[in-house]
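Subject: Structure handover and findings

Dear colleague,

I am handing over the structure we spoke of, and below it you will find what was found in it. Please read the notes alongside the coordinates.

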Amino acid sequence: MYLRLDLDEVFVISPSIDTRVPKNSRVTLRCESPTGIPSPAVSWWKDGVPVDTHKSRRVQAKNHANLTLVIIRKAKFSDEGSYSCVASNLVGRHESAIIKLNVYVDGGWSDWREFQPCTAAKCGNGTRMLKRFCSNPTPENGGQFCAGSSIKIEPCQGHLSRCRNNLP
């Protein structure tokens with residue numbers, strides 16, 4: 001029997017090397033590691049430190065043969081970083097390419113609010129301006145700004161009760 005860690009074999013990691021995920025989404029990092037004799041221990045590292053699955057119930061690690069998964073439920077900004085898969089045994093240590101994980105929030109519109117009152121004379125027709133803000137939520141960490149216009153102009157009428165009563 002001889003000892004070996006097949007360093008010629010390449011790690012198969014997914015998703016891609018630069019990965020963007022929405023905040024609160026589920027992320028699965030997958031690593032198929034090189035083989036060896038004895039079988040290498042395989043682990044995930046984040047920013048040069050082993051991933052600690054004991055700190056949070058949101059982060060789990062699963063191992064089966066040469067397949068190792070890290071599952072992150074409800075991704076947070078604190079989950080961002082450089083992840084790599086490491087295989088090691090008595091012969092040596094081999095590290096995968098790095099997956100850079102970016103967690104972002106896309107913007108969402110607030111409700112429409114009156115920005116400018118109706119321009120109608122006392123009994124006539126006019127327009128009013130409504131405005132909304134990209135703040136529900138505000139885009140963060142490279143998330144997309146809201147699509148569409150922040151201003152809307154719509155028709156309006158003067159005070160009908162004043163017209164009926166012939167009031168100024």
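Of the 168 residues of the protein, 30% count as buried, where buried means under 20% relative accessible area, exposed over 50%, and partly exposed in between, with a 1.4 Å probe and protein chains only. This is a predicted model, in which local features need pLDDT of at least 70 and side-chain atom pairs count only at pLDDT 80 or more, while totals for chains, interfaces and linings use all residues. Residues are numbered from 1 along each chain as its sequence is written, and side-chain values use heavy atoms, with hydrogens and water left out.

Overall composition

The protein has 1 helix and 15 strands; these are DSSP runs numbered from the N terminus, helices being H or I with at least four residues and strands E with at least two. Its exposed area is about 10,700 Å², of which carbon and sulfur atoms supply 52%, the areas coming from the Shrake-Rupley method with a 1.4 Å probe, and for residues only the protein chains shown count as cover. Among contacts between residues at least 6 apart in sequence, 65% join residues at least 24 apart, contact meaning heavy atoms within 4.5 Å.

Sheets and strand pairing

Strands of a sheet pair through backbone hydrogen bonds, either parallel or antiparallel; here two strands are taken to pair if DSSP finds at least two bridges between them. One open sheet has 4 strands in the order 2-4-9-8, with antiparallel pairing. Its edge strands are strand 2 (12–14) and strand 8 (59–64), each of which pairs on one side only. From one strand to the next the twist averages 10 degrees, with axes as lines fitted to C-alpha atoms (for helices over the stretch in contact) and angles running from 0 to 180 degrees between N-to-C directions. Strand 2 is joined to strand 4 (residues 27–32), antiparallel to it, by 3 bridges, and Ile13 stands opposite Cys31 in strand 4.

A further open sheet is formed by 3 strands in the order 13-14-15, again described by antiparallel pairing. Strand 13 and strand 15 stand at its edges with a single partner strand each, so one side of each is left without a neighbour in the sheet. Neighbouring strands of this sheet are turned against each other by 45 degrees on average, direction ignored. Between strand 14 and strand 15 there are 7 bridges in the antiparallel sense, and the bridge partner of Arg128 in strand 15 is Glu154. Glu154 is partly exposed, with a relative accessible area of 22%, and, leaving aside neighbours within four places in sequence, Glu154 is in contact with Gly126, Thr127, Arg128 and Leu130. Glu154 and Met129, 25 residues apart in sequence, are 6.6 Å apart in space, C-alpha to C-alpha.

Strand 3 (residues 18–22) pairs with strand 12 in the parallel sense over 5 bridges. Side chains alternate along strand 3: Thr19 and Val21 point to one face and are buried, whereas Asp18, Arg20 and Pro22 point to the other and are not. The bridge partner of Arg20 in strand 12 is Asn102.

Rings and charges

Arg20 also lies over the face of Tyr104, at 4.2 Å from the ring centre, where a charge sits over a ring if NZ of Lys or CZ of Arg is within 6 Å of the ring centre and within 35 degrees of the ring normal. Arg93 lies over the face of Trp45, at 5.0 Å from the ring centre.

The structure holds 1 aromatic pair: Trp109 and Phe145 are edge-to-face, at 6.4 Å centre to centre with 80 degrees between the planes. Rings of Phe, Tyr and Trp (its six-membered ring) pair if their centres lie within 6.5 Å, and planes under 30 degrees apart count as stacked, over 60 as edge-to-face and the rest as tilted. Trp109 lies in the loop between strand 12 and strand 13, and Phe145 in the loop between strand 14 (125–131) and strand 15 (151–157), so the pair ties together parts that are 36 residues apart in sequence. Trp109 counts as buried at 18% relative accessibility, whereas Phe145, at 57%, counts as exposed.

Loop residues

Ser110 lies in the loop between strand 12 (99–104) and strand 13 (113–116) and counts as buried because its relative accessibility is 10%. Not counting residues up to four places away in sequence, Ser110 touches Arg132, Phe133, Ser135 and Asn136.

With best regards
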